[in-house]
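Colleague: I should like to learn how to read the features of a structural model in order, from its surface to its interior. May we take the one before us as a worked case?

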Amino acid sequence: MSARPPQGASRRRALALAAILSLLMPGLGHVYIGRFARSLIWFGGSLLIAAILRGGDLAMWVPIAMFTVVGLAAAGDAWLMIRFRVREG
């Protein structure tokens, strides 16, 4: 991304979009803000959790709930990454 962080309305849009993208797929919001290594960690972690849970004898709602929790955590992390980058600038 650019050296200067977004300000005002564009900053709020960036916060919202990064969070929404991470809810759709963990790590996608991090790609949007330019944190590629962090996006691989979130996406790879969610794939690993899905693989582990798929192998077990669990109800269908358990993997869905875990994916939701990981998505919420990734969304919060992407949101915080933008907030801290703005404060540093």
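Colleague: Let us begin at the surface. Which helix supplies the largest share of the nonpolar patch?

Modeller: The model is a predicted one, and that should be kept in mind throughout. The largest share comes from α3, with three residues. The patch consists of I20, L24, M25, L28, V31, F36, F43 and L47, and together these residues have about 720 Å² of accessible area. At least two residues come from each of α1, α2 and α3.

Colleague: How is one member of the patch, F36, classed by its accessibility: buried or exposed?

Modeller: The class follows from the relative accessible area, and a residue must be over 50% to count as exposed. F36, located in helix α3, has 53% relative accessibility and therefore counts as exposed.

Colleague: What is the general expectation for nonpolar side chains?

Modeller: In soluble globular proteins, such side chains tend to be buried together. Here, the largest nonpolar core has seven residues: A14, L15, A18, I33, A78, M81 and I82. The elements that contribute two or more residues to this core are α1, spanning 8–24, and α4.

Colleague: Let us step back to the whole chain. Which secondary-structure elements are present, and how many?

Modeller: The protein has four helices and zero strands, so the order from the N terminus reads α-α-α-α by the run assignment. Of its 89 residues, 28% count as buried. The exposed area is about 5,900 Å², of which carbon and sulfur atoms supply 70%.

Colleague: How should I read the separation in sequence of residues that are in contact?

Modeller: One takes the contacts between residues at least 6 apart in sequence and asks what portion spans a long stretch of chain. In this protein, 63% of those contacts join residues at least 24 apart.

Colleague: Which side chains form a salt bridge?

Modeller: The count comes to one salt bridge. The side chains of R38 and D77 form it, at 2.7 Å from N to O. R38 belongs to helix α3 (residues 36–55) and D77 to helix α4 (residues 61–88), so the pair ties together parts that are 39 residues apart in sequence.

Colleague: What is the accessibility class of each partner?

Modeller: The two partners are read separately. R38 is partly exposed at 35% relative accessibility, whereas D77 is buried at 12%. Apart from neighbours within four places in sequence, R38 is in contact with H30, D77 and M81; M81 is also one of the residues of the largest nonpolar core. The C-alpha atoms of R38 and L28, ten residues apart along the chain, are separated by 9.9 Å.

Colleague: Loops also deserve attention. Where is P26 placed, and is it buried or exposed?

Modeller: A loop residue should be judged by its own area and contacts. P26 is in the loop between α1 and α2 (28–32), and its relative accessible area of 1% makes it buried. Leaving out residues up to four places away in sequence, P26 touches W42, F43, S46, F67, V70, G71 and A74. Its C-alpha atom is separated by 9.2 Å from that of I41, 15 residues away along the chain.

Colleague: Which residues are in contact with S46?

Modeller: Beyond its neighbours within four places in sequence, S46 is in contact with P26, F67 and V70. S46 lies in helix α3 and is buried, with a relative accessible area of 5%.

Colleague: Which residues does L23 contact, leaving aside its neighbours within four places in sequence?

Modeller: L23, a residue of helix α1, is in contact with G71, L72 and A75. At 43% relative accessibility, L23 counts as partly exposed. The C-alpha atoms of L23 and A74 are separated by 7.3 Å, although these residues are 51 apart along the chain.

Colleague: Finally, in which helix is confidence lowest, and in which is it highest?

Modeller: Confidence should be read both over the protein and by element. The average pLDDT is 79, and 82% of the residues score at least 70. Confidence is lowest in α4, with a mean of 79, and highest in α2, at 91.

Technical notes
Residues numbered from 1 in each chain as written. Predicted model: local features only at pLDDT ≥ 70, side-chain atom pairs only at ≥ 80, totals over all residues. Heavy atoms only, no water. Buried < 20%, exposed > 50% of the residue type's maximum accessible area, 1.4 Å probe, protein only. Contact = heavy atoms within 4.5 Å. Areas by Shrake-Rupley, 256 points an atom, 1.4 Å probe, with all protein chains shown as cover. Salt bridge = Lys/Arg side-chain N within 4 Å of Asp/Glu carboxyl O. Core = buried A, V, L, I, M, F, W, Y, C linked by side-chain atoms within 4.5 Å. Patch = residues over 30% accessible without salt bridge, like charges linked within 9 Å, V, L, I, M, F, W, Y side chains within 5 Å. pLDDT = per-residue confidence, 0-100.
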